[in-house]
Amino acid sequence: MTRTLLFASALCATWAAWGQISVADIDPFIGTGGHGHTHPSATAPFGMVQIGPDTRREGWDGCSGYHFTDSTVWGFSHTHLSGTGVGDYGDFLFKPWGSTFQDAPVAFLKSSESASAGYYGVTLADGTRAEFTAAERGGFHRYTFAQDQPAVAWIDINYRDRVLRSKVIQFGETLILQRVSQGWAREQHAYLAVRIPAGTRVTVLDSLHVQLQFAGPDVELAVGFSGTGPEGAERNLRATLKESSNFARCTERSAKLWDAELDRAQVTGGSATDRRIYATALYHAFSVPNLWSDADGRYRGMDGKIHDAPNHQHYTVFSLWDTYRTAHPLYALVQPERTNDFIASMLDMHDQSGRLPVWELAGNETNCMIGYH
């Protein structure tokens, strides 16, 4: 028995070594044009956040919040849907420009855009560089402001969805943002904890708009996201900082996480184009469903109450009419542990709502399409 297990382990290691696809083959811009509705944001495998650009807030081809043909950006938010036919999310939009708040997009240099698994970066027309990376429940912003530009960022809590309730609280070096909004999800709870650098001046204009004036042109912000509440966002921020203390380490860690996921379905042969297409298809498949439970296992259920999942991770964004034919059979083959968690999550939803999910989003049933797939 031991000899068999050792042989199987050696075979898996050899197979991974032979495999030709790697994180370098992933191209997050695939599908972001035409009617693809994908998004190039920074995200970890099945991660809770997707941090990146918001170039389009309306229209069918703006479902993800981004379209490759755009050359202006409204800002950079923390949640994005990818590949859907209805738009939502765009929580907590950061706008790293301007001495005064403007509800308008700014131009960026299209040639400066770059994206890889767990990373997105772009240079604005004013010369400011904005970069983002992601962990499982949070991530990092990095801004390099142009010398002739003020080192200022605005936070717009009123972006895209209709805001039902909002609040801004500062505890020392941590800023807590709260938003309950109505969109495709009828009542989405979103909370963001932001670790601000020393010397930053925080001005809360109202519960929807915040100005950050930084002490210098080079800025790193750490963030933690949650659907449960401020405490959950703070816990997820601490978990993010524990896993990666800064932007560079988080970027490196995210790439390693994605490489490990690609090794679940390695291939050999094919051209560079073939590898790019295949690796990116796996990347899209392994970007959703998204973690919904916090680092301590708590999550907001379909009954609006906070629940604990001590024995499994709870997930959200179950586009089941799209995914039951091919994505979930793929998960059963190459993501058996997560498949168990997906099933447990669906059973959680049944316990809380009295039925299995149809198209669940952030603890809400959208009732999009029909049937229990």
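This passage describes an open sheet and the helices packed on it in a predicted model.

Residues are numbered from 1 along each chain as its sequence is written, and side-chain values use heavy atoms, without hydrogens or water. Local features need pLDDT of at least 70, side-chain atom pairs count only at pLDDT 80 or more, and totals for chains, interfaces and linings use all residues.

The protein chain has a mean pLDDT of 94 (the predictor's confidence in each residue, from 0 to 100). In this chain, 95% of residues reach 70 or more. Over residues 1–17 the pLDDT is below 50.

Eight strands (DSSP runs of E, at least two residues, numbered from the N terminus) build the sheet in the order E6-E7-E8-E9-E16-E13-E12-E11. The pairing is antiparallel (two strands pair if DSSP finds at least two bridges between them). Strands E6 (114–116) and E11 (162–171) stand at the edges; each has a single partner strand, so one side of each lacks a neighbour in the sheet.

Strand E12 (residues 174–182) and strand E13 (residues 188–195) pair over eight bridges. Five residues lie between them in a hairpin. Glutamine 178 faces tyrosine 191 in E13 as its opposite residue. Isoleucine 176 stands opposite alanine 193 in E13. Alanine 193 also stands opposite glycine 224 in E16. E13 and E16 run antiparallel and are joined by five bridges. Seven of the eight residues of E13 are buried, so this strand is largely enclosed by the rest of the structure (buried means under 20% relative accessible area, with a 1.4 Å probe and protein chains only).

Notes: Contact = heavy atoms within 4.5 Å. Helix = DSSP H or I, 4+ residues; strand = E, 2+ residues; numbered from the N terminus. Buried < 20%, exposed > 50% of the residue type's maximum accessible area, 1.4 Å probe, protein only.
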